[in-house]
Amino acid sequence: MAQAQNGDFSISNNLYEESDVNGYSWASSRDAFETYFAPVLNTSTRYERNAFRNVYSASGITNIPMPFYYFVMLNNGTVLGFTKNGYDGIRVTVIFNPQKKKLLTGRDVFELQYMSDDYGNGYAYNSILKRNYKLSNRQQYIDACKSNSTHPMYSMANREFCAFLIVENGFKVPKDYPVKL
């Protein structure tokens with residue numbers, strides 16, 4: 001409904017002076033959330049910029065900054081982070097147990113990316129990861145999930161690879177999932 005009223009996620013980056021070189025902006029992320037998601041989600045808290053600085057790689061070694069995400073808490077205590085891609089799309093981070101002192105990628109923090117599909121049919125989940133995934137490179141996706149690098153492959157965040165492994169397995173944790181839950 002909000003998309004029908006307001007158009008797609010292609011909010012002009014020219015509106016945001018503090019955008020980085022790729023067009024990412026906290027203000028753009030906030031505005032995308034308020035325009036498209038706020039009308040349909042019941043939230044209890046909206047967080048200030050850089051609210052979640054305690055997100056780490058799966059091993060807990062590398063702190064993973066999330067500077068352009070706009071975070072809100074749902075009424076059930078789950079936190080969602082939204083970032084408007086610098087191009088066409090939006091990333092949604094899901095944080096379980098946000099009160100923990102150290103949140104781990106692939107255990108507490110997951111991310112789903114939605115981008116315009118190639119056919120103009122709207123937005124599709126994680127099209128870049130899906131497009132590049134093959135059984136022959138599954139181990140690379142597993143390694144990317146548990147990586148201490150923020151962006152191990154395709155410039156995608158490691159938390160996206162963790163979520164992808166679960167989604168690709170029918171929303172069930174696969175037997176070879178690399179993070180202890």
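**A hairpin, an enclosed strand and one disulfide**

In the hairpin of strand 3 and strand 4, four residues lie between the strands, and Gly77 takes a positive phi near 95°. The model described here is predicted. Strand 3 covers residues 70-74 and runs antiparallel to strand 4. Four bridges join the two strands. Within this pairing, Tyr70 stands opposite Phe82 of strand 4.

Strand 4 also pairs with strand 5, which spans residues 89-95. Six bridges link strand 4 to strand 5, and these strands are again antiparallel. Lys84 has Ile90 of strand 5 as its bridge partner. Strand 4 thus has antiparallel bridges to strand 3 and to strand 5.

Burial of strand 4 was examined next. The strand spans residues 79-84, and six of its six residues are buried, so strand 4 is largely enclosed by the rest of the structure. In a regular strand, side chains alternate between the two faces of the sheet. In strand 4, Val79, Gly81 and Thr83 point one way. Leu80, Phe82 and Lys84 point the other way. Both sets are buried. Phe82, the residue opposite Tyr70, is therefore buried because its relative accessible area falls under 20%. Lys84, the partner of Ile90, is likewise among the buried residues.

The structure holds one disulfide. Cys145 is joined to Cys162, with an S to S distance of 2.0 Å. The torsion about this S-S bond is about 100°, so the disulfide is right-handed. Cys145 lies in helix 4 (residues 138-145) and Cys162 in helix 5 (residues 158-168), so the bond ties together parts that are 17 residues apart in sequence. Both ends are buried. Cys145 has a relative accessible area of 0%. Cys162 also stands at 0% relative accessibility.

Helix 5 has further buried positions around Cys162. Ten of the eleven residues of helix 5 are buried, so this helix is largely enclosed by the rest of the structure. Asn158, Arg159, Glu160 and Phe161 are among the buried residues, as is Cys162 itself. The others are Ala163, Phe164, Leu165, Ile166 and Val167. The buried set thus includes the charged residues Arg159 and Glu160. After helix 5 comes Gly170, which has a positive phi near 70°.

Methods: Residues numbered from 1 in each chain as written. Predicted model: local features only at pLDDT ≥ 70, side-chain atom pairs only at ≥ 80, totals over all residues. Heavy atoms only, no water. Disulfide = S-S within 2.5 Å. Buried < 20%, exposed > 50% of the residue type's maximum accessible area, 1.4 Å probe, protein only. Pairing = 2+ DSSP bridges.
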